[in-house]
Amino acid sequence: MSFTHEKDRSPMRRFIPSLAALECFEAAARHRSFTHAAQDLGITQSGVSRQIAALEQFLGLKLFQRIGSRLVLTEVGEAYLRDTHRLLSDLENSAIDAVRGQSLSGVFTLAAPTGFATHWLIPRLARLRAAQPELLIEIRMQDDKVPPQESRADLIVRRGGGAWAGVRAEPLAPEELTVIAAPDLPGLQMPLDILDFDRLPSLQNAKRPDLWLTWLRGTAVAYKGAILGPRFDSSAALIAGARHGLGLALVPRMYVAREIGDGHLMEPFAGKTHSAESFWALRPEHLPPHPRSAQVLAWLKREMKAA
């Protein structure tokens, strides 16, 4: 009979897969693509495939299946993704807490387009802090390049029609459009009864090329000439261009109401119209709700109504 000395015993290993395999699984499930996951992680597609195959072998379960050309999660894969995403986020936050020397677990992250954040949200942020002084908030400039269902923000403000997958969407306000200009814009003579694009340079929204036509149809303002002004890819850039006297700009009125009131910008035309889109508050379904989400959302709605 032989005995094993206590100090020679090896502790049982935890039933935990490799971190690399979990990261590959989470990225592939998020993108629904091994190729995009590989690009996201900076590795090869075959590397992602090997890691996921090893994870499925470790678990003894199939996490993905292919339906035609589509990569979809199995039922168990869907459940495992929710836990994996939460655990990876917790691990990342713990690492950040260790580096910064303080816990950021209570931080509320609000993502919004640059124009909305710069011209509407930040000027009102002091009121939010006064209403909720204990709230630690992080503002992220996040335009529509990041699908909202992939965002890690607690609350996302987006402009659109309200149809997004993987999020809970609540309407905030319709988008009202107005034409703005610098008060000293050359050639601007008031009042204007016709919009002469040949005489007044008109800035264009590169992402929304039909915006001028939307405004013209909605307001029935008479016009002539062609819209040939410089193109910008954001409302924030359009507002900056207008302030510097580059021409007329068409933007959401909520972004510039304060600057119009201060006299830094003017509205050459009384006509305003609503676009087919609205501003929405989105909450990603793959993230646990932040304890402050309802309060911040209620504050946003109050401010929008009062604006």
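## A sheet and its helices

Student: How many bridges join β3 to strand β5?

Tutor: This is a predicted model, so keep that in mind throughout. Strand β5 covers residues 155-160 and runs parallel to β3. Bridges join the two, and their number is two.

Student: Which residue of β5 is the bridge partner of Ala 111?

Tutor: Start on β3, where Thr 109 and Ala 111 point one way, and Phe 108, Leu 110 and Ala 112 the other. Follow the bridge from Ala 111 into β5 and you land on Ile 156.

Student: How many residues of β3 are buried?

Tutor: β3 takes in residues 108-112 and is mostly covered. Buried means under 20% relative accessible area. The residues pointing either way from the strand are buried, and the count for β3 is five of five.

Student: What is the handedness of the unit made by β3, helix α5 and β4?

Tutor: Strand β4 (residues 137-141) runs parallel to β3, with five bridges between them. One of those pairings links Thr 109 to Glu 138. Helix α5, residues 114-131, joins in to make a β-α-β unit, and that unit is right-handed.

Student: What is the order of the strands in the open sheet?

Tutor: The sheet has six strands, and its pairing is mixed. Read across, the order is β4-β3-β5-β12-β6-β11.

Student: And which are the edge strands?

Tutor: Look for strands that pair on one side only. In this sheet those are β4 and β11.

Student: What does the twist average from one strand to the next?

Tutor: Step across the sheet strand by strand and take the average. The twist comes out at 25°.

Student: Which residue of β12 is the bridge partner of Ile 156?

Tutor: β5 and strand β12 (residues 273-284) pair in the antiparallel sense, over five bridges. From Ile 156, the bridge into β12 leads to Leu 282.

Student: What angle does helix α7 make with β11?

Tutor: Helix α7 is residues 235-243, and it packs on the sheet. It touches β6 and β11. Its direction makes an angle with that of β11 of about 135°.

Student: Which strands does helix α9 touch?

Tutor: Helix α9, residues 293-306, packs on the sheet too, and its direction is about 25° from that of β6. The strands touched by α9 are β3, β5, β6 and β12.

Student: How far apart are the end C-alpha atoms of α3?

Tutor: Helix α3 has 15 residues, and at 1.5 Å a residue it should span 21 Å. The model agrees with that, because the end C-alpha atoms of α3 are apart by 21 Å.

Terms used. Residues are numbered from 1 along each chain as its sequence is written. This is a predicted model: local features need pLDDT of at least 70, side-chain atom pairs count only at pLDDT 80 or more; totals for chains, interfaces and linings use all residues. Side-chain values use heavy atoms; hydrogens and water are left out. Buried means under 20% relative accessible area, exposed over 50%, partly exposed in between (1.4 Å probe, protein chains only). Helices (H or I, at least four residues) and strands (E, at least two) are DSSP runs, numbered from the N terminus. Two strands pair if DSSP finds at least two bridges between them. A crossover is right-handed if, with the strands pointing away from the viewer, the path from the first strand over the helix to the second runs clockwise. The expected span of a helix is 1.5 Å times one less than its number of residues. Axes are lines fitted to C-alpha atoms, for helices over the stretch in contact, and angles run from 0 to 180 degrees between N-to-C directions. Contact means heavy atoms within 4.5 Å.
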